[in-house]
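Visitor: Please take a close look at a single part of this structure with me, the pairing of charged side chains along its helices. Explain each term as you go, with its cut-offs.

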Amino acid sequence: MWRVRAMDTREKILKASEKLFAEKGYDETTVDEIVEKAGVAKGTFYNHFRSKEELIKIVALESLPYSAIREELEKDHGSLREFLESIANAYIRYYCDPVLRSLFFYTLAAKNRIREVEEIHRTFCTEAISKGAKKIAELAGVDERTAVVVFKAFYGALLSRLIFAGYSCAPDVDYVSEIIRLIERSLRN
């Protein structure tokens, strides 16, 4: 019973910090504000987290695109198109949450100031690109270097949608289909 309550408390702190970080950014949010929003004592915060920086690392990790597509990278897919559509749909669904979208942008902005966040970002982006490229190489029958370029371009197109599109949670079938069509055509040539 105590463990369940401890997890609930930890989750409350995480959710409160996510909302505050999304509203105010990492630097402007204080531990006092987090505990107030979570409805816990300051000592309770420190029972679960060593510091605000530790909390930032956890929140930053969850905001990264790798968290959005991790499961899709592990699944079997019958074709390149099916794989890319599943990645795009997972990415779009994940960032329907405005808190996660804001956190992602704060994470990108903070990665150069907070060394651990930069390391997390680099590690998980590298892992996502590596796994995505491996899938593309298998499904499209291309060499690893080509597959890396293709996955980076696709990932970049999804990021571009996140940044520039008035964000809609509806799958952007035309946009995604056009990107996939261009990728398929370029791989045939």
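Guide: Glu 127 has a relative accessible area of 28% and therefore counts as partly exposed, a class that lies between buried, under 20% relative accessible area, and exposed, over 50%, with a 1.4 Å probe and protein chains only. This is a predicted model, in which local features need pLDDT of at least 70 and side-chain atom pairs count only at pLDDT 80 or more, while totals for chains, interfaces and linings use all residues. Residues are numbered from 1 along each chain as its sequence is written, and side-chain values use heavy atoms, with hydrogens and water left out.

The partner of Glu 127 is Lys 131, and the closest N and O atoms of this salt bridge are 3.3 Å apart; the term requires a side-chain nitrogen of Lys or Arg within 4 Å of a carboxyl oxygen of Asp or Glu. Lys 131, at 27%, is partly exposed as well. Both residues belong to helix H8, where a separation of 4 residues amounts to about one turn; helices here are DSSP runs of H or I with at least four residues, and strands are runs of E with at least two, numbered from the N terminus.

Helix H8, which spans residues 115–140, also holds Glu 118 and Arg 122, again 4 residues apart. Their salt bridge brings the closest N and O atoms to 2.7 Å. Arg 122 is partly exposed at 43%, and Glu 118 is partly exposed at 24%.

Helix H6 carries a pair with comparable spacing: Arg 81 and Glu 85 are about one helical turn from each other, because they are 4 residues apart in H6. In their salt bridge the closest N and O atoms are 3.5 Å apart, with Arg 81 partly exposed at 25% and Glu 85 partly exposed at 30%.

H6 also packs against a neighbour, since residues of H5, including Ile 69 and Leu 73, meet residues of H6, among them Phe 83 and Ile 87, where contact means heavy atoms within 4.5 Å. By class, this contact has 9 nonpolar, 2 polar and 1 charged residues, where Ala, Val, Leu, Ile, Met, Phe, Trp, Tyr, Cys and Pro count as nonpolar, Asp, Glu, Lys and Arg as charged, and the others, Gly among them, as polar.

Across the whole structure a search finds 12 salt bridges, and Glu 11, Lys 15 and Glu 18 are joined in a network of them.
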